[in-house]
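I opened this structure for the first time and kept notes as I went. Each entry records what I looked up and what I found.

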Protein chains: 2
Amino acid sequence: MVQKSASPQAKRRGRPRAYDPDAALAQAIEAFWKTGYSGTSLDDLSAATGMNRPSLYAAFGDKRELYLKALGHYWTLGGSMMTDALDNDLPLRDALMRFYQNALALYVPRTGRARGCFAISTATTEALEEPKIRALLARGLRGLDEGLARRIRAAREAGEIKADADPATLAAIASATLHTIAIRARAGTPRAELEALARSVVGLICA
Amino acid sequence: MVQKSASPQAKRRGRPRAYDPDAALAQAIEAFWKTGYSGTSLDDLSAATGMNRPSLYAAFGDKRELYLKALGHYWTLGGSMMTDALDNDLPLRDALMRFYQNALALYVPRTGRARGCFAISTATTEALEEPKIRALLARGLRGLDEGLARRIRAAREAGEIKADADPATLAAIASATLHTIAIRARAGTPRAELEALARSVVGLICA
DNA sequence: TGAATTTTGTACCAATGCGTACAATAAACG
DNA sequence: CGTTTATTGTACGCATTGGTACAAAATTCA
């Protein structure tokens, strides 16, 4: 088991770790992000994290468990990026644009190639045959759906959008827009085009 | 090279094939659909098609070429399903609903598990490292975009939708809805829920 | 200092991966 | 008939895969 990182200075007993578990997990995510679950070998993961094979196992379990932890961690990142964008007092239009800009910062990093959404690009493939991955994927999607729906319902109550607009439909469109941006980013659509797409949909939602 | 299937009765010279190339390609698509490109082995493909390894190579080239052919064939299917739904004289609302129903027939077959979109579920993963797959994915997405945009522009000219609606934005939303349905189908969302999602978005587009 | 504890690093294993060589087979051709 | 052509089926080769055994190393504790 991985030691709780809560007490960072509590002197551990044996040989000290040569790696930082959180950083290693982040780098494992990067590796999976690039080539997917099946396409990423333990050698790849070992190289990406700088950990040798046995350390990888001791820290995260086998490849499948490591992937599940990576996906779980990705969704917590996604949750905080959503909170950053939506849980504040920005007008709906600005909050949504911040939401998509945050997503694009992940999908199309300033350094390196566009890579899309980790979950959509890698978990979707495995979801059919791997119930745990499917469940985790579904849970993450639902989390985003609910966050967007909550914000849009609040906007309607606050009179930010037309009273006759259906918040559920608008939230579905907001989610769908995130998904299409994720796919297109991976397919090579330039960032400016994705931003324009987000802007026009946000315009329609806030009409 | 595969013999042109155009002249089915022209007596071929050597030992006759024990397989139908079109059926074999369709079954290879099924296999890739289930477990993705990297997750599908040549043994899997051999079992799915009923062809042994050397025949597979003679007919389709290596695994990568076979996958590219599978993806290409899938997009031609997608094109004809789009034509079926949009190139007729149905009102926009009915045409769009037919479009989504056609997609759902692929994504959530009546027999067997929901599997989502072949291209989105498998090509997206590989797109980052495989330029040919990325290009083919982008081309397929563009084809759907353009088909939907054309139909929606026509609807506006025909006065089926409000004159002040932006057809490009509505088309983007129609595409995004297809993408989100594809992802959600693979994540296990029940068909009825996906249909309801399509219906509510179509309702908004045709408002 | 020496025992206990934990991680590291090398080296290995059996299984599976993709791709191919080659003989056997089945047809048309002359 | 035998020759030619094309596909099949078996069997192989070599690299890579996921996973692990085990000794060396690095630390704490008594």
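**Entry 1: the chain by itself.** Before listing elements I fixed what counts as one: helices are DSSP runs of type H or I with at least four residues, strands are E runs of at least two, and numbering starts at the N terminus. I also noted that this is a predicted model. Read from the N terminus, chain A then goes α-α-α-α-α-α-α-α-α. That is nine helices and zero strands.

I looked up the extent of chain A next. Its C-alpha trace spans about 65 × 40 × 35 Å along the principal axes. Chain A has 207 residues, and 43% of them count as buried. I then took the contacts in chain A between residues at least 6 apart in sequence, and found that 58% of these join residues at least 24 apart.

**Entry 2: how the two copies are related.** I asked what turn lays chain B on chain A. The turn is 180°, with a shift of 0.0 Å along the axis and an RMSD of 0.0 Å. This is the relation of a two-fold axis.

**Entry 3: where the copies meet.** I found 38 residues of chain B in contact with 38 residues of chain A. On the chain B side, the elements giving two or more residues are α1 (21-39), α6 (118-127), α7 (131-157), α8 (167-187) and α9 (191-205). Which of them gives the most? It is α8(B), with 12 residues. Sorted by class, this side of chain B has 14 nonpolar, 16 polar and eight charged residues.

I also checked whether the two chains use matching surfaces. Of the interface residues of chain B, 100% are interface residues in chain A as well, so the copies meet through the same surface.

**Entry 4: a helix pair across the interface.** I picked α9 (residues 191-205) of chain A and α8(B). They pack at an angle of about 100°, and their axes are 10 Å apart. Because of that angle, α9(A) is roughly perpendicular to α8(B). From α9(A), the residues making the contact are L197(A), S200(A), V201(A) and L204(A); from α8(B), they are T169(B), A172(B) and I173(B). I counted five nonpolar, two polar and no charged residues in this contact.

**Entry 5: a helix pair within chain B.** Here I stayed with α8(B) and looked at its packing with α9(B). The angle is about 175°, with the axes 10 Å apart. That makes α8(B) roughly antiparallel to α9(B). On α8(B) the contact involves L170(B), I173(B), A174(B), T177(B), I181(B), R184(B) and A185(B), and on α9(B) it involves L194(B), L197(B), A198(B), V201(B) and I205(B). By class I noted 10 nonpolar, one polar and one charged residues. I173(B) is listed in the contact with α9(A) and is listed here too.

**Entry 6: around DNA strand C.** I found 24 residues around DNA strand C, and the nearest are G14(A), R15(A), S55(A), R15(B) and S41(B). Elements that each supply at least two residues of this surface are α3 of chain A, together with α2 (42-49) and α3 of chain B. The largest share, four residues, comes from α3(A). The surface has eight nonpolar, five polar and 11 charged residues.

**Entry 7: around DNA strand D.** How many residues surround DNA strand D? I found 26, and the closest are R15(A), S41(A), G14(B), R15(B) and S55(B). The elements supplying at least two residues each are α2 (42-49) and α3 (53-60) of chain A, together with α3 (53-60) of chain B. For this strand the largest share, four residues, comes from α3(B). The classes are eight nonpolar, six polar and 12 charged.

**Entry 8: two single residues.** D94(A) lies in helix α5 (residues 92-107) of chain A. Is D94(A) buried or partly exposed? It counts as partly exposed, because it has 14 C-beta neighbours inside 10 Å. D94(A) and V202(A) are 108 residues apart in sequence, while their C-alpha atoms are 9.0 Å apart in space.

The other residue I looked up, E146(B), is in helix α7 of chain B. E146(B) has 13 other C-beta atoms within 10 Å and is therefore partly exposed. Between E146(B) and R93(B), which are 53 residues apart along the chain, the C-alpha separation is 18 Å.

Key: Residues are numbered from 1 along each chain as its sequence is written. Chains are lettered from A and ligands numbered from 1 in the order in which they are written. This is a predicted model: local features need pLDDT of at least 70, side-chain atom pairs count only at pLDDT 80 or more; totals for chains, interfaces and linings use all residues. A residue is near a molecule or strand if its C-beta atom, placed from the backbone, lies within 6 Å of it. Ala, Val, Leu, Ile, Met, Phe, Trp, Tyr, Cys and Pro count as nonpolar, Asp, Glu, Lys and Arg as charged, and the others, Gly among them, as polar. A residue is buried if 20 or more other C-beta atoms lie within 10 Å of its own, exposed if 12 or fewer, and partly exposed in between; C-beta atoms are placed from the backbone. Two residues are in contact if their C-beta atoms, placed from the backbone, lie within 7 Å. Copies are superposed by least squares on the C-alpha atoms of residues with pLDDT of at least 70 in both. Axes are lines fitted to C-alpha atoms, for helices over the stretch in contact, and angles run from 0 to 180 degrees between N-to-C directions. Angles under 35 degrees count as roughly parallel, over 145 as roughly antiparallel, 65 to 115 as roughly perpendicular and the rest as oblique.
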